[in-house]
Amino acid sequence: MLFRSSQLLAVLMMFAGPYGLLAEEKAASQPQAEFSKQDLDYFTSTVEPVLVQHCYGCHGNGKDKGGLNIYTREALLKGGESGAAVNFDDISASPLIEAINYASYEMPPSGKMPVERIEILTEWIRRGAPMVQRTDVQQAHHGEPEVNDETKAHWSFQRVHRPDVPKVAASDWVKTPVDAFILKRLADNGLVPSPRASRETLVRRLYYDLLGLPPTPQQVKAFVENDSPNAYRELVDELLDSPHYGEHWARYWLDVVRYAESNSFERDNPKPFVWRYRDYVIRSFNEDRPYDEFLIQQLAGDELENVTADSIIATGFYRLGAWDDEPADPMQARFDELDDIVTTTTQGFLGLTMNCCRCHNHKLDPIPTGDYYRLLAFFNNTERYGIRGDDTVYQKSVRSIATPEELTAFAEEKTQYEARVAELRTQLDEVENQIREQLVGGEKDDFQADSVRLRIIKKYVGKYLSQEEFDAYAQRRKEWTDLRNQPPKSADQALCITESGPNAPPTFIQVRGNPNVQGDEVQPGFPEVLGFEDPVITAAASGQSSGRRTALARWITSPENPLTARVMVNRVWQGHFGRGIVRSSNNFGLQGDAPTHPELLDWLASEFMENGWSVKQLHRTILLSNTYQMSSTSNTKSLEQDPENNLFWRFDPRRLRAEEIRDSILAVNGSLNLDSMFGPSIYPVIPAEVLAGQSRPGAGWGNSSPEDRNRRSVYIHIKRSLTVPLLASFDVADTDFTCPVRFATTQPTQALGMLNSTFLNEEAEAFSKFLKEQAGDKIDAQVAVALERVTQRKPTQQEIDWGLKLIGDLQSEHKQSPELALKNFCLLALNLNEFIYLD
């Protein structure tokens, strides 16, 4: 089992071998010998560079994870919490030497060191662990980290500076600077990159990574047979220009901002017009909206000098969280919602877990409680979300985004509509009043219901009114009913944020997070550890808002902010490689994972900002590299030395995300509706048994047309209390919190759903019909087409024969009809690992 460094040495230093206390005594009793200049030079020139790269991050100056510090010889001999790390009587049995050999525990946990480095450390201990005398020893801090020079020096709190691109020997492998950074680390560790992936693999990889869709056989063929030296670059540009690029990459962002379309809690009612935010994100990626502008619009789009429909829609970001419409403690609910905004903003945009400071100082990062409430103060003037029939509350969450011309046209249409409805009502009343006077008994009572009046009046044709009068009445009633059911569409509206006015209320620290127990008042400000001055805040020009959120947005998107560009670059890298350069993509704090390639991260962040915060250009930089184009081919040395692929010596295969699986099923059987983009969300069919699990079974789940149900998964209505079963099985994002990375679990409901669900069986049947249309009645041709569509490559003859044998066996042994056997073969094809895994 692989241990993280924080766990490893805590376990390692409690090592209870035969030399436990005795080893400690022997090590501690070693005299402080006068080491030769040769030994000290050996430490300085040969040993310490290894310790710096592999050990000092956790056990260097002022650091003692697991109780172990190795910055001085005295600390090394003292050892960790339960004993020494070295045993001079039996060097090979030293816990430290065993750990770096992966003989018992595994250190460093990021991957086994090369043999030559292990030998360097072994020789060092063999020489008696010579070390230079230290004059800069820092004490390890325990308890809450403080804001001081040491914590301010944390890598992610430093301004981004462009590093030099390293010079490497195998320069012919370097296509972009990305490759130089990767190759340098590989060479330093005695590893080499995997060979380039095949063209069939690359075209499939690019289509899924940029569009989230499989390429068609024709698209694969066109790329594979394109012998132009620019073919790959041209394909990258073509896919980045596709409207379906935005549909795919928007989903990554929607995970980060906990996008959902309902409020949670018992009723879990829908959020009005929330889908406009989803469409805004899709358009933003397609248009390559600069990332700094993208963030500013979401944080403060309503406070900008030039407010647009997009900037209003973007502030729907604030309304995406859960909302309790009947809170037992309204003030507590209010600050729970503000905490959700602080959490999503700081983790999603900055990679800081500031929500940990709501009740006390951060236990792992140098962020005091006061910093949390200083940040919360930027949001404290916002109006609480609420939609429950109260027009005043409604207006605080929904506002018009129509142009003046659209508003004028709507007002005119509404006036004409209301006049015609009133005219028809008057004409209907004249007839109904005439008949009402003639009615007696129960029929007079029934006549009070508008829905039965036409039927009752019809009984009196020829007695109280003529057939001609009745026909005219019936025609007017139909027109009146149709108008009532189809009023003019309101001018466009959007879910958005509003503030209480230009003057924000005071913000206080809440003692232990209790809003009813106020501490000191605080002013808006930034985390002290980052070293920024307090903001200068000017109320919004509209006079309706404090301007605080604009100040926050400008700080977050400042090139001087050390976090924002790094965090986004890391997310894009994660989208292409399955994990970030920093694995903990929402946590860049002291206890987050350190970057495996810090210089590469900073180079990419610098490029990102200098290229106008262009996400598409960032894609190109990554995708055109040889690093991205490597195959997933393994080799024994690399796998043993770097089993987690921290050095990126190969491309890691990944399972498709939940939406990619559903979209791919519809794509390969020809059902996917790619023409319909944007607009209100869709409702796939959910089994009655699943709907029955709601507190109000079936409530809030519509019934879309078959055409709409075949749209891409990004358009599915996201109801917090009801998830589409297929998506739930394949680890769709949890919408209650910001989701930095999805799990890729393997569990029984996945196989059960892929084999037995109504959806999969219906789509398998649609696939079988599609095969007959494409391949005619020849079974071998049908099998070949099916396999080519699900694998995006030409199947081998043996694979075709296996398919034919299965169909034959289903008919002969299981007495299935040819139609059913073909359908079940299609079901099998949709369950192939090669279909749902990307190489």
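**Exercise 1. The nonpolar cores**

Find how many residues the largest nonpolar core has, and which have the most contacts inside it.

*Solution.* Start with the size. In this predicted model, the largest nonpolar core has 160 residues. Next, look for the residues with the most contacts inside this core: they are Trp253, Tyr277 and Trp573. Now take tyrosine 277 and set aside its neighbours within four places in sequence. Its contacts then include Trp253, Leu254, Val257 and Tyr259. Tyrosine 277 also meets Gln298, Ile313, Ala314, Gly316, Phe317 and Leu320. Finally, look beyond this core. Another core, of 29 residues, lies apart from it; Tyr56, Leu76, Ala85 and Ile100 are among its members. As background, nonpolar side chains tend to be buried together in soluble globular proteins.

**Exercise 2. The whole protein**

State what share of the 839 residues counts as buried, and how many helices and strands the protein has.

*Solution.* Begin with burial: 53% of the 839 residues count as buried. Then turn to secondary structure. The protein has 39 helices and six strands. For the overall extent, take the box along the principal axes: the C-alpha atoms fill roughly 125 × 80 × 50 Å. Last, consider contacts with a separation of 6 or more. Of these, 71% join residues 24 or more positions apart.

**Exercise 3. Two aromatic pairs**

Decide whether the rings of tyrosine 280 and phenylalanine 294 are stacked or edge-to-face. Then do the same for phenylalanine 577 and phenylalanine 648.

*Solution.* The whole structure holds 33 aromatic pairs. Step one: take tyrosine 280 and phenylalanine 294. Their ring centres are 5.9 Å apart and their planes meet at 15°, so the pair is stacked. The cut-off for stacking is under 30 degrees.

Step two: place this pair in the chain. Tyrosine 280 belongs to helix H14 (residues 275-286) and phenylalanine 294 to helix H15 (residues 291-300), so the pair ties together parts 14 residues apart in sequence. Both tyrosine 280 and phenylalanine 294 are buried.

Step three: move to phenylalanine 577 and phenylalanine 648. Here the centres are 5.5 Å apart, with 65° between the planes, and the pair is edge-to-face. This pair links distant parts of the chain, 71 residues apart. Phenylalanine 577 is in helix H25 (residues 564-577). Phenylalanine 648 is in the loop between helix H29 (636-641) and strand S5 (654-655).

Step four: check burial. Phenylalanine 577 has 6% relative accessibility, so it counts as buried. Phenylalanine 648 has 2%, so it counts as buried too.

**Exercise 4. A charged residue in a helix**

Work out whether arginine 477 is buried or exposed, and list what it touches.

*Solution.* Locate the residue: arginine 477 is in helix H23 (residues 467-485). Read its relative accessibility, which is 8%. Buried means under 20%, so arginine 477 counts as buried. Now leave out residues up to four places away in sequence. Arginine 477 then touches Arg425, Leu428, Glu432, Asp450, Arg453 and Leu454.

**Exercise 5. Cavities**

Give the number of cavities of 30 Å³ or more, then describe the largest and the second largest.

*Solution.* The count is seven cavities of 30 Å³ or more. The largest has a volume of about 130 Å³. Its lining has 17 residues. Tyr318, Arg319, Glu337, Ile341 and Tyr385 lie nearest its centre. By class, this lining has seven nonpolar, two polar and eight charged residues.

The second largest cavity holds about 80 Å³ of space. Among the residues that line it are Gly212, Glu247, His248, Arg251 and Val714. Helix H13 (243-256) and helix H30 (658-668) each supply at least two lining residues. By class, the lining of the second largest cavity has one nonpolar, two polar and seven charged residues.

**Exercise 6. Positive phi values**

Phenylalanine 273 and tryptophan 613 both have a positive phi. Say where each lies, and whether it is buried or partly exposed.

*Solution.* Take phenylalanine 273 to begin with. Its phi is near 60°. Phenylalanine 273 sits in the loop between H13 and H14. With a relative accessible area of 22%, phenylalanine 273 is partly exposed.

Now tryptophan 613. Its phi is about 60°, although it is not a glycine. Tryptophan 613 sits in the loop between helix H26 (598-610) and helix H27 (615-623). Its relative accessible area is 6%, so tryptophan 613 is buried.

Terms used
Residues numbered from 1 in each chain as written. Predicted model: local features only at pLDDT ≥ 70, side-chain atom pairs only at ≥ 80, totals over all residues. Heavy atoms only, no water. 1 Å grid on protein atoms, 1.4 Å probe; cavity = no way out; pocket = protein on both sides within 12 Å on 5 of 7 lines; lining within 4 Å. Points joined across faces, edges and corners; volume = space filled by probe spheres on them. Nonpolar A, V, L, I, M, F, W, Y, C, P; charged D, E, K, R; others polar. Helix = DSSP H or I, 4+ residues; strand = E, 2+ residues; numbered from the N terminus. Core = buried A, V, L, I, M, F, W, Y, C linked by side-chain atoms within 4.5 Å. Buried < 20%, exposed > 50% of the residue type's maximum accessible area, 1.4 Å probe, protein only. Contact = heavy atoms within 4.5 Å. Phe/Tyr/Trp six-rings, centres within 6.5 Å; stacked < 30°, edge-to-face > 60°.
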